[in-house]
Amino acid sequence: MRAADLPPSPADAAFSIVAIPATMLERAGRLDVVLGSVPGVALFRRTSSLGANPTVQGISIRGIAGSGASRALVTLDEIPQNDPFGGWVIWTGLPLEIIGAAQVIRGAGGGPYGAGALTGTVVLSEKTPRAGDWTVDADLATLGEARAAGTVAEAVGSGTLFLAGAAEHSDGWIPVREGRGAADTRLTLTDEAASARYVIDVGATQGAARLAAWREDRGAGLAGAGSRAQGASASLRAARAPGAGSPGWRAQVFATVSDLANTSVSVASGRASTAPANDQFATPAIGYGADGAVRGLFADGTWEVGIDLRGAAGESREYFHPTAAGLDDYRRAGGQTVTGGLYGEVTRRRGPVLLVAGARLDGWSTFDGHRIETARATGAPLLDLRAASRGGVEPGGRVAIRWDLDPTAYLRAAAYSGFRPATLNELFRPFRVGNDVTEANASLSPERLYGAEAGAGGSVRGVGWDVTGFYNRLDEAIVNVTVAIGPLRDPVAGFIPAGGVLRQRRNVQAVNAWGVEAEASAALGAGFTLRAATSWTHARVEGGNVAPALNGLAPAGTPGLVITGEAAWRLASRLTLTGDLRYESARFDDDQNLRRLAAATTASVRLDWEVTGRVDLFLAANNLTDAAVPTARTATGVTSYDAPRTVEIGVKIVGRGPG
């Protein structure tokens with residue numbers, strides 16, 4: 001159970017939910033990597049948070065279509081973790097040392113999750129250690145990697161204070177292999193994160209207050225290009241569990257501030273050099289919200305009603321328009337968004353059958369939209385675009401049924417809908433990567449998803465299994481649509497050089513996706529366990545009148561087939577060998593399916609030695625076969641790759657409090 005929260009809802013059993021085993025959280029090096037072990041869950045790019053720019057760290061579920069803005073909601077103890085300006089997630093700000101549990105809820109949010117939980121929700125819970133517990137982690141790896149982290153829990157007054165911190169550095173790798181030039185540099189990373197949470201019980205009510213801060217600096221793999229992301233968050237929560245004749249409740253308020261600096265460059269012919277293309281020196285943003293719910297029990301079920309409000313405000317500040325003299329112009333682009341919703345949900349248990357029905361009504365608005373451009377030297381006005389305020393109301397909901405055939409097997413089915421308003425980044429800020437420019441679109445409508453699923457599962461002779469088939473339709477999908485190919489000069493975007501591409505974010509008619517997800521796990525005796533999972537997705541775009549050239553094409557960043565597997569063998573009472581395998585079929589790096597990224601298979605192994613009850617050592621090899629994993633491809637055919645083979649050693653020391 002999360003700190004200061006209601007108990008898990010009985011409705012969860014009727015939906016496709018994957019709980020990531022605690023052993024995987026303990027062994028994984030990065031949160032986004034372990035989430036990627038759930039087929040259908042993927043970042044916009046194949047690169048993990050070790051080497052990915054913040055703006056491409058959006059997460060999506062079920063292969064609907066990759067997006068840097070995230071089509072899934074990520075929460076930590078019910079607090080949204082998606083960036084208020086861009087929707088991406090700064091994964092380095094969520095070190096695994098603080099994560100006690102992780103679940104992936106597939107399908108549109110409904111219920112308490114609301115706006116943003118379009119393709120699903122990643123539900124994270126912070127650890128709740130006893131007073132006196134502490135941990136220290138340290139590891140070293142090739143590629144110049146070093147990391148250290150620690151946690152401690154102490155009794156303070158009538159409550160428990162949990163402190164955590166982590167820091168790492170990586171010299172990284174050069175992502176370009178074929179055709180590499182002097183312009184190509186390493187994907188470096190330096191990051192820090194810290195948090196403090198205080199939990200106190202007052203009678204039957206539990207309260208929690210949390211503060212957190214994070215910062216990361218990255219090299220982007222091109223000379224002169226890099227990023228810096230930083231932020232902080234604060235939240236207050238209180239909850240009381242329901243009892244017979246006494247409804248339970250939860251309430252929370254939260255705020256997040258973030259800032260992104262990002263420099264991009266254009267690349268000369270032959271990749272011999274780079275030139276400044278854009279200096280996004282600041283992107284101050286604030287996200288805020290409040291929500292509450294009341295849950296009651298009755299003879300054969302539960303009811304829950306709730307309300308939520310979320311808002312975001314921010315703008316990008318940048319120098320752009322490269323000339324021989326430098327970056328000549330200055331741009332401010334941003335605005336504000338607000339969403340609010342009401343929901344109600346009922347569950348009923350009739351013998352072996354669980355029924356769930358819920359409805360939501362959400363309102364959204366966008367206002368204060370602006371894009372102002374001036375000459376940097378003189379301040380003379382060049383462009384002044386003011387977006388009209390817009391808003392609307394979105395109904396949604398979910399229904400589900402689960403039938404327990406016997407203690408070893410079940411059937412379930414569900415239907416759902418949800419929506420995601422465009423982020424401030426999508427609405428107002430254009431961006432450049434190399435020679436490719438993507439324009440914003442202040443007229444974007446919210447995305448809406450309608451879906452259904454049916455599944456079965458159970459456990460037979462120590463083998464647990466689950467299979468789910470699904471269909472989802474994403475209406476008004478926000479896609480980066482190719483408008484023209486350089487060389488050209490656009491009156492708003494400016495000059496696009498030869499080999500460059502001009503795109504704009506637009507609402508295409510729809511993305512249709514259907515597929516199958518399956519997983520199984522088994523304990524085979526002699527200390528040997530196996531886990532395997534797969535997802536197959538057929539996703540295609542309906543471009544409509546906006547982008548007819550995209551009709552029938554696969555969405556960018558969407559693989560058709562993903563297979564993952566894990567084998568663990570307890571060699572001795574204190575020695576465990578683990579192997580992981582991941583296969584991902586080919587995907588496209590662009591909307592027109594011209595930039596194909598080949599299929600990739602990666603493997604890793606890890607040996608854990610429990611030296612004492614308090615000290616653990618490990619030795620690991622990631623990307624054991626040094627596979628070439630393509631992550632991006634330019635219009636001129638230059639391909640970037642994920643990290644090569646790395647070898648890592650580490651130690652974890654654990655202290656236990658009394659009790």
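**A colleague's note on strands and side chains**

1. Ser-233 has Thr-256 in strand 14 as its bridge partner. These two residues belong to an antiparallel pairing in which strand 13 is joined to strand 14 (residues 248-267) by 15 bridges. Strands here are DSSP runs of E with at least two residues, and helices are runs of H or I with at least four residues, each numbered from the N terminus. Two strands pair if DSSP finds at least two bridges between them.

2. Before going on, a word on the model. It is predicted, so local features need pLDDT of at least 70 and side-chain atom pairs count only at pLDDT 80 or more, while totals for chains, interfaces and linings use all residues. Residues are numbered from 1 along each chain as its sequence is written, and side-chain values use heavy atoms, with hydrogens and water left out.

3. Strand 13 also has a partner in strand 12. Strand 12 (residues 205-219) and strand 13 (residues 226-240) run antiparallel and share 15 bridges. Gly-219 faces Gly-226 of strand 13. The two strands make a hairpin with six residues between them, and within that turn Gly-221 has a positive phi of about 90°.

4. Further along, look at strand 34. Strand 33 (residues 561-572) is joined to strand 34 (residues 575-584) by ten antiparallel bridges, and these two strands form a hairpin with two residues between them. Strand 34 also pairs antiparallel with strand 37 (residues 600-610), again over ten bridges. Gly-579 is a handy residue to click on: it is the bridge partner of Ala-567, and its own partner in strand 37 is Val-605.

5. What is the strand order in the open sheet of five strands? The order is 1-6-7-4-5, with mixed pairing. Strand 1 (17-19) and strand 5 (79-80) stand at the edges with a single partner strand each, so one side of each has no neighbour in the sheet. Strand 1 runs antiparallel to strand 6 (residues 99-106), with three bridges between them. One residue to follow there is Ala-19, whose bridge partner in strand 6 is Gln-103.

6. Glu-126 deserves a look. This residue belongs to strand 7 (residues 120-126) and is buried, at 3% relative accessible area. (Buried is under 20%, exposed is over 50% and partly exposed is in between, with a 1.4 Å probe and protein chains only.) The side chain of Glu-126 makes a polar contact with the side chain of Arg-197, at 3.4 Å. A polar contact is a pair of N or O atoms within 3.5 Å; within protein, one must be able to donate a hydrogen and the other to accept it, and residues adjacent in sequence count only if both atoms are side-chain atoms. Leaving aside residues up to four places away in sequence, Glu-126 touches several others, among them Asp-77, Phe-162 and Arg-210; contact means heavy atoms within 4.5 Å.

7. Is Arg-371 buried or exposed? Arg-371, in strand 19 (residues 353-375), counts as buried at 7% relative accessibility. Its side chain makes a polar contact with the side chain of Glu-373, at 2.9 Å. Beyond residues up to four places away in sequence, its contacts include Arg-331, Asp-384, Phe-428 and Glu-439.

8. How many aromatic pairs does a search of the whole structure find? The answer is four. Rings of Phe, Tyr and Trp (its six-membered ring) pair if their centres lie within 6.5 Å; planes under 30 degrees apart are stacked, over 60 edge-to-face and the rest tilted. One of them joins Tyr-319 and Tyr-330, tilted, with 5.8 Å centre to centre and 50° between the planes. Tyr-319 lies in strand 17 (residues 301-323) and Tyr-330 in strand 18 (residues 326-350), eleven residues apart. Tyr-330 is partly exposed at 22% relative accessibility. Another pair is Trp-514 with Trp-536, edge-to-face, at 5.1 Å and 75°; these sit in strand 31 (residues 510-525) and strand 32 (residues 528-542). Both are partly exposed, Trp-514 at 43% and Trp-536 at 37%. Phe-281 joins Tyr-319 and Tyr-330 in one aromatic cluster.

9. Finally, charges over rings. Arg-331 lies over the face of Phe-320, 3.9 Å from the ring centre, and Arg-402 over the face of Tyr-410, at 4.0 Å. The criterion is NZ of Lys or CZ of Arg within 6 Å of the ring centre and within 35 degrees of the ring normal.
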